Amino acid sequence: MGHALVLGGGGLAGIAWEIGLLAGLEEAGVVLRDADLVVGTSAGSAVAAQLAGGLPLAELLARQVDPAKQTPEIAADIDMEKVGELFGLGQAPTDRAALRRQIGRVALLAETVDEAKRRAVIEARVPVDAWPSQQRLLIVAVDANTGEERVFDRDSGVSLVDAVAASCAVPAVWPPVTIGDTRYVDGGVRSPENADLAAGHEVVLVLQAMAMEGVDDLAEQVESLRSQGSTVLVVEPDESVLAAMGANPLDPSVRTPTATAAQRQGRALAAEIAAFWR
């Protein structure tokens, strides 16, 4: 079934890294945006939607590094240790659906910015509010009440902006997103990458923007994909990118240094990823 590109979560820093990396790769002749399948989660959903909009990667990169072109964002501080506690890291829950419902309840009760104000931010990120007609694009969110996953695609009857907003609704930071009669939270509540949705594809490239200590979902998913015959490569930020990202992935000021460092990383990895993608 061809090639799959999996774009994981990681806040504004994750968006900047993925765009910068893809831009650096494309400058070196490695084009990934035409993958047969793109899976986007949280930050990765925003990147997937930007790729689907058709703007050249050079322009998407400019939207990260050029202050005059950067989209408006709402600054937020996030304590990764508290996020780990919220996600139940280290508890080894036997019922992941129950944990997701618990996270959803926290999100529904949290005081955050107005939902409409937050949606306007997502709308500014997405250059074209239209699903790609040829490429298969999957965007992951979680029902805040039931803990069930929801995988949006062009047949879901949901706008691309709403799907991305739902996937980016970090619990207790941003408001759950209302679509119809349901409220959704971040797709990372299911898995930061959701790489298992690429099952059946021969080649799977995963961009893991943010690794969280105690979360081993990706390792399990990669093992499963390989057992089913997929060739899988996971790419993570290098040391210079991690330094640029800083401690708060939701700080808008990290976009320029992170994307710039990621662009260099993309160029450095071009030969390796080109061989893999072929």
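Student: Where is Arg 33 found in this predicted model?

Tutor: Arg 33 is found in the loop that runs between helix H1 (11–27) and strand S2 (37–41).

Student: Which side chain of opposite charge is nearest to Arg 33, and how far away is it?

Tutor: A salt bridge requires a side-chain nitrogen of Lys or Arg within 4 Å of a carboxyl oxygen of Asp or Glu. For Arg 33, the nearest side chain of opposite charge is Glu 26, 4.9 Å away. Arg 33 is buried and has no salt bridge.

Student: Which backbone oxygens does the side chain of Arg 33 reach?

Tutor: The side chain reaches the backbone oxygen of Leu 51 at 2.8 Å and that of Leu 55 at 2.9 Å. Leaving aside neighbours within four places in sequence, Arg 33 is also in contact with other residues, including Gln 50, Gly 54, Pro 56 and Gln 135.

Student: How many salt bridges does the model contain?

Tutor: The count comes to eight salt bridges. One of them joins Glu 27 and Arg 267, with the closest N and O atoms 2.9 Å apart. This pair links distant parts of the chain, since Glu 27 lies in helix H1 and Arg 267 in helix H10 (residues 255–277), 240 residues apart.

Student: Are Glu 27 and Arg 267 buried or exposed?

Tutor: The term "partly exposed" applies between the cut-offs of 20% and 50% relative accessible area. Glu 27 is partly exposed at 46%, and Arg 267 is partly exposed at 43%.

Student: Which residues are linked with Arg 119 in a network of salt bridges?

Tutor: In general, an α-helix has 3.6 residues a turn, so residues three or four places apart point the same way. Arg 119 and Glu 123 lie four residues apart in helix H6 (residues 115–125), about one turn of the helix. Their salt bridge has its closest N and O atoms 3.7 Å apart. Asp 162 also meets Arg 119 in a salt bridge, at 2.7 Å from N to O. That pair links helix H7 with helix H6, the two residues being 43 residues apart. Arg 119, Glu 123 and Asp 162 are thus linked in a network.

Student: Why is helix H7 described as largely enclosed by the rest of the structure?

Tutor: Eight of the eight residues of helix H7 (residues 160–167) are buried, so the helix is largely enclosed. Among them are Leu 160, Asp 162 and Ser 167.

Student: Which residues have the most contacts inside the largest nonpolar core?

Tutor: They are Phe 152 and Leu 205, in a core of 62 residues. Helix H1 gives the most to this core, with ten residues.

Terms used
Residues numbered from 1 in each chain as written. Predicted model: local features only at pLDDT ≥ 70, side-chain atom pairs only at ≥ 80, totals over all residues. Heavy atoms only, no water. Buried < 20%, exposed > 50% of the residue type's maximum accessible area, 1.4 Å probe, protein only. Lys, Arg positive; Asp, Glu negative; His and termini not counted. Polar contact = N/O pair within 3.5 Å; in protein donor to acceptor, adjacent residues only side chain to side chain. Contact = heavy atoms within 4.5 Å. Core = buried A, V, L, I, M, F, W, Y, C linked by side-chain atoms within 4.5 Å.
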